[in-house]
Amino acid sequence: MSTSGVLVVVSGPSGVGKSTLCKNIVTRVPGTTLSVSYTTRSPRPGEHEGVEYCFVDDTTFRDLIQEEAFVEWAEVYGRKYGTPKQPLVEALHKGIDVLLDIDAQGAKQIMERFAGAVYVFVAPPSLDVLRNRLCRRASDPPEEIQRRLHKASDEIANFKAYHYFVRNEELLQATKELESIILAERVKTNRLDPESLVENGLIEPVTMKKAAT
Ligand code: ADP
Ligand code: 5GP
């Protein structure tokens, strides 16, 4: 009965489990999709073009910025990352909920540009656990891991900018929490198109008119 999909911004420190959680949601919750960002970083082993990211060089990324192809973009750990506008707008128009796995700078830009998005902060149970996850992922050199850990504490301190705080200790529990957030957001009254209640015969057109005056 809603006219548009829900835009769900999932942010939090690197290595906390955002992409793992988002992938879980897309497989568990029909009607959701994960936005594929553009990045100037190189693919990690096992990553594929167009699946985890669209991998581009700096010149292409700059051209895309000029063409206003991104709804937000940011430089994260020395590499550029951006969310493409067109697939996002198309999915929302079709009523599909779109998950954005983006950093705090990107989340801030979406807050300034999109009304009605939902902001979820994913936190680790502790910084030690976060360090272990970054090490186990084995995709970044030690100095890069140290850089990401250093930034994590500042990011967590800004949790109040988000609507929800999901502690990713046990993956299934955190997945269920994120799923619950999306399901609850879908049935919020402010997302409901009143006309659809008339079309379904749940409200008389005359009652609608009275309620509107
Ligand atoms: P992010 O997208 O936030 O950078 P990832 O989803 O890549 O993080 O997760 C980082 C690592 O932590 C991965 O190896 C992932 O399998 C692991 N991980 C994610 N969530 C959990 C969890 N709840 N418990 C244990 N390991 C986890
Ligand atoms: P990674 O290189 O580990 O895949 O991602 C590094 C960080 O960039 C993560 O915090 C991730 O959420 C963020 N990120 C991924 N895509 C985007 C994007 O399109 N925009 C922004 N602002 N951040 C992104």
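In this predicted model, an oxygen atom of ligand 2 lies 2.6 Å from an N or O atom in the side chain of Tyr53. Contacts of this kind are pairs of N or O atoms within 3.5 Å; within protein, one atom must be able to donate a hydrogen and the other to accept it, and residues adjacent in sequence count only if both atoms are side-chain atoms. The table lists polar contacts of both ligands.

| Ligand atom | Protein partner | Distance |
|---|---|---|
| Ligand 2, oxygen | Asp101, polar side-chain atom | 2.8 Å |
| Ligand 2, oxygen | Thr83, side-chain N or O | 3.3 Å |
| Ligand 1, oxygen | Gly15, backbone N or O | 2.8 Å |
| Ligand 1, oxygen | Lys18, polar backbone atom | 2.8 Å |
| Ligand 1, nitrogen | Leu171, backbone N or O | 3.3 Å |

On its own, ligand 1 exposes 570 Å², of which the protein buries 78%. Accessible areas come from the Shrake-Rupley method with a 1.4 Å probe; for residues, only the protein chains shown count as cover. The shell of ligand 1 holds 16 residues, the closest being Gly15, Lys18, Thr20, Arg137 and Asn168. A residue belongs to such a shell if one of its heavy atoms lies within 4 Å of the molecule. By class, the shell around ligand 1 has 3 nonpolar, 6 polar and 7 charged residues. Here Ala, Val, Leu, Ile, Met, Phe, Trp, Tyr, Cys and Pro count as nonpolar, Asp, Glu, Lys and Arg as charged, and the others, Gly among them, as polar.

Around ligand 2 there are 17 residues, with Ser37, Arg41, Tyr53, Glu72 and Tyr81 the closest. Of these 17, 5 are nonpolar, 4 polar and 8 charged.

Ligand 2 sits in the largest pocket, and ligand 1 also sits in the largest pocket. A molecule sits in a pocket if more than half of its atoms lie within 2 Å of the pocket's grid points. A pocket is an open set of points on a 1 Å grid over the protein atoms alone, where a 1.4 Å probe fits, with protein on both sides within 12 Å along at least five of seven lines; lining residues have an atom within 4 Å of a point.

The volume of the largest pocket is about 1100 Å³, taken as the space filled by probe spheres set on the points, which are joined across faces, edges and corners. Its lining has 44 residues, and Ser19, Arg44, Tyr53, Asp101 and Arg137 are the closest to the pocket centre. The lining divides into 15 nonpolar, 13 polar and 16 charged residues. At least two lining residues come from each of α1 (18-28), β5, β6, β7 (97-101), α5 (127-137) and α6 (142-157). With 4 residues, α1 gives the most. These elements are DSSP runs numbered from the N terminus: helices (H or I, at least four residues) and strands (E, at least two).

Residues are numbered from 1 along each chain as its sequence is written, while chains are lettered from A and ligands numbered from 1 in the order in which they are written. Local features need pLDDT of at least 70, side-chain atom pairs count only at pLDDT 80 or more, and totals for chains, interfaces and linings use all residues; side-chain values use heavy atoms, with hydrogens and water left out.
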